[in-house]
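The exercises below concern aromatic rings and the charges that sit over them. Work through each task with the structure in view before reading its solution.

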Amino acid sequence: MAHLASLAEELARPWAAAVEGRRFQQRGGVRRRAQGAGARYRLVFVDRLVVTLIHLRHDLPHAVLAVLLNVDRSTVTRAVGEIRRLLAERGFAVPDRPGLRLRTLEDVFAYAQAEGVELRLDATEIQVRRPAAGRGGRRAFVSGKKKQNTMKATVIADHQGRTLWADGLRPGRMHDATAARAAGITGCFQHFDLVGVLLDDGYLGLSRDHPGRALTPPRKPRPGALPGRVEQWERDRHGHSSDRITVEHALADHKRWKQLMRWTHRRDRLPDTYRAIAGLVSDRTIMT
């Protein structure tokens, strides 16, 4: 309950500013009535936050939540849309740095260089509904790996599996390394020259472009190599896998939220939902 209260307090101010800014644009000028006038929200801010957390965690329909709270379904839909956006924009918690949030890839690399943290990066795919026939870009969501319509998220974690950053989701057909480049990782490697990132075999292109910085598993020896060389390769590969497995644990934490097991809603809402859930998971992991 204490964490819920602190989260509500953290989100209340940006929510009020966003609402007032939106109303300012709709009015085309300053307010004409005193603050507090007009229609009241049926749910107080804490209730709207709780409804959103339940929806993200268990994927209960808005109509069911409306019945539980004795409000109209549109009230729940409005609350979830507002709070989800705030959760997505708040960023990711930093271990041992209360109040500091990481919002961009540059923030993560700057933190890693200042604290001497070796990063782990990987991508995960979430199944989405197939776009309608005849719609442009339909093939972009077909994943060559999963043979399904998916969207791909790129995630960075530290050595303890704590989520530090998640990228906006991209169509599942995009290659993992291409998605990382699109997020701006090339510029980060150039400006933060002391940061190393552990990667899997899907990022060999990054490893060639940034040797010693983008660290992929060692290459398998050629046929006929000495037994000692093969044994050393097996030990090195196992060590690399053991060090990198923490980002897999972070991805598994995200997928425990039912909405990310399979996305059945509109695809344009998935990026905010993923960042909101990843940010909440980062809050929990730094406290354990």
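**Exercise 1.** In this predicted model, determine whether Phe109 is buried or exposed, and then classify its aromatic pair with Phe189.

*Solution.* Begin with accessibility: Phe109 has a relative accessible area of 0%, and because buried means under 20%, Phe109 is buried. The count of aromatic pairs comes to two. In the pair of Phe109 and Phe189, the ring centres are 5.7 Å apart and the planes make an angle of 85 degrees; since planes over 60 degrees apart count as edge-to-face, the pair is edge-to-face. Next, place the partners along the chain: Phe109 belongs to helix 5 (residues 105-115) and Phe189 to helix 7 (residues 185-191), so that the pair links parts of the chain 80 residues apart. Phe189 is likewise buried, at 3% relative accessibility.

**Exercise 2.** Classify the pair that Phe109 forms with Phe192, and locate Phe192 in the chain.

*Solution.* The centres of Phe109 and Phe192 lie 6.3 Å apart, with 40 degrees between the planes, and the pair is tilted. Phe192 lies in the loop between helix 7 and strand 7 (197-198), 83 residues from Phe109 in helix 5. Phe192 is buried, with a relative accessible area of 17%. Taken together, Phe109, Phe189 and Phe192 form one aromatic cluster.

**Exercise 3.** Which ring does the charged end of Arg57 sit over, and which ring face does Arg267 lie over?

*Solution.* The charged end of Arg57 is over the ring of Trp257, 5.1 Å from the ring's centre. Arg267 lies over the face of Phe141, at 4.8 Å from the ring centre.

How values were computed:
Residues are numbered from 1 along each chain as its sequence is written. This is a predicted model: local features need pLDDT of at least 70, side-chain atom pairs count only at pLDDT 80 or more; totals for chains, interfaces and linings use all residues. Side-chain values use heavy atoms; hydrogens and water are left out. Rings of Phe, Tyr and Trp (its six-membered ring) pair if their centres lie within 6.5 Å; planes under 30 degrees apart count as stacked, over 60 as edge-to-face and the rest as tilted. Helices (H or I, at least four residues) and strands (E, at least two) are DSSP runs, numbered from the N terminus. Buried means under 20% relative accessible area, exposed over 50%, partly exposed in between (1.4 Å probe, protein chains only). A charge sits over a ring if NZ of Lys or CZ of Arg is within 6 Å of the ring centre and within 35 degrees of the ring normal.
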